[in-house]
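I sat down with this model to look up its salt bridges and to note where their partners lie. The entries below follow the order in which I looked.

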Amino acid sequence: MSIDFQHSETRENLMRAFAGESQARNRYTFAAEEAKRQKLPLLEKLFTFTANQEKEHAKIFYNHLQPLVGTTIHIDGGYPIDLYPTMPEILRAAQHNEYEEHDPIYKAFGDKAKEEGFQAIASSFYGIANIEKIHGDRFGAFAQLMEDQELFSSGKQEAWICLNCGHIHTGPMAPAVCPICHEEQGYFVRLSMMPVTVPRD
């Protein structure tokens, strides 16, 4: 079925997605500020890294609305209030929201766009849905490490990288202070959890 874009449900879903991604970006920016306040630069960078990706998702959805420039789209929607006091709770809330965007929300939006004849928009919904699953997995992994009190320790030898200077330390625990740049332990992350890694010999 092909339908006029101006009268489609897809145009409203695009605006809902734009609003949702914009709010997610702000929530993650606020979470990054809280992580910084709690002296967890690693999590500050995690939230900022994800916030920047949410901004790009919002831009993709917004650009699909170019044919309707100059108009206004009225939508309804529900959006979460994630003002939790602890970092594990904030991470778990983010994980939940990302999984919800992955499925059912963006999957349903993609199905509707496909049904209405907007294949390129459907592809954006499906593709971004897959990315949201990755975001959810990442938030969940860090939440689990915090809940297990293993964010900076491990029961085995690990390679830890300082996010400030790049120093790599090997051991069961990240150093309390980086021996190179002297930043606190909060800058260290398992090398295997870095967004970009280089294979080691």
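Entry 1. I began in helix H3 (residues 87-116) of this predicted model, where aspartate 111 and lysine 107 are 4 residues apart and therefore separated by about one helical turn. Their side chains meet in a salt bridge, with 3.3 Å from N to O. I then looked up the accessibility of both partners: aspartate 111 is partly exposed at a relative accessible area of 32%, and lysine 107 is also partly exposed, with 40%.

Entry 2. Following salt bridges that share partners, I found Arg11, Glu12, Arg16 and Asp76 joined into one network. Within this network I looked at the salt bridge between the side chains of glutamate 12 and arginine 16, for which the N to O distance is 3.8 Å. Both residues belong to helix H1 (residues 9-37), where they are 4 residues apart, or about one turn of the helix. Glutamate 12 has a relative accessible area of 25% and is partly exposed, because the buried class takes only values under 20%.

Entry 3. I next turned to glutamate 56 and lysine 55, whose side chains meet in a salt bridge at 4.0 Å, again taken from N to O. Is glutamate 56 buried or partly exposed? I noted a relative accessibility of 37% for glutamate 56, which counts as partly exposed, and lysine 55 is likewise partly exposed at 37%.

Entry 4. To close, I searched the whole structure, and the search gave 12 salt bridges, including the one between aspartate 111 and lysine 107 with which I began.

Notes: Residues are numbered from 1 along each chain as its sequence is written. This is a predicted model: local features need pLDDT of at least 70, side-chain atom pairs count only at pLDDT 80 or more; totals for chains, interfaces and linings use all residues. Side-chain values use heavy atoms; hydrogens and water are left out. Helices (H or I, at least four residues) and strands (E, at least two) are DSSP runs, numbered from the N terminus. Buried means under 20% relative accessible area, exposed over 50%, partly exposed in between (1.4 Å probe, protein chains only).
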